[in-house]
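Work through these short exercises with the model on screen. Try each task before reading its solution.

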Amino acid sequence: MEKKYTIAVTSAAVINVILNFVLIRSFNLGAIGAVIASIIAECVCTGRQLYSVEIFHGCRPIIKAAVRYILPTSFMAAGIILIQWLFSGVISLILSVVIGMIIYGTSLIIGKDEIAVHILKKARIKICNLF
């Protein structure tokens, strides 16, 4: 299994280097090209690892669990895109991080994610103990 992980990571790294060269130099995309190359490389790595997991364990439970996080992630992305459109510079970065965390966390709590609800309960207990 370790060999398959190494193959997935190495192939993603090679793809990333090639796409960086093509997107940054040939298409003059700069940092955006680097981001696109990294995202594609990570998708290749994840896809290769999911393929390996499917062979050994089946990936239906993994996909089913991942689908729960698509909607909160979409809400967060929409909020960040809106902030990037309205603001620029350091303010945009700070607002993107803070608002993104708030949107994602709230979405997880509304969706009754076990980990988010557990963290919220622990925080509530600690806050109540302060008073």
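**Exercise 1.** Find the pattern that the protein follows along the sequence.

Solution. Read from the start, the protein runs α-α-α-α-α-α. That gives 6 helices and 0 strands. Helices (H or I, at least four residues) and strands (E, at least two) are DSSP runs, numbered from the N terminus. This is a predicted model, where local features need pLDDT of at least 70, side-chain atom pairs count only at pLDDT 80 or more, and totals for chains, interfaces and linings use all residues. Residues are numbered from 1 along each chain as its sequence is written, and side-chain values use heavy atoms, with hydrogens and water left out.

**Exercise 2.** Where is confidence lowest, and where is it highest?

Solution. Start with the mean pLDDT (the predictor's confidence in each residue, from 0 to 100): the protein has 87. Of its residues, 94% reach 70 or more. Next, go helix by helix. Helix α3 (residues 60-67) is lowest, at a mean of 73. Helix α5 is highest, at 92.

**Exercise 3.** Decide whether α6 is largely buried or in the open.

Solution. Helix α6 covers residues 114-130. Count its buried residues (under 20% relative accessible area; exposed is over 50%, partly exposed in between; 1.4 Å probe, protein chains only). The number is 1 of 17, so α6 lies largely in the open. Across the protein's 131 residues, 16% count as buried.

**Exercise 4.** Classify Ile94 by its accessibility.

Solution. Locate Ile94 in helix α5 (residues 89-110). Its relative accessibility is 49%, so Ile94 counts as partly exposed.

Conventions. Expected span 1.5 Å × (residues − 1).
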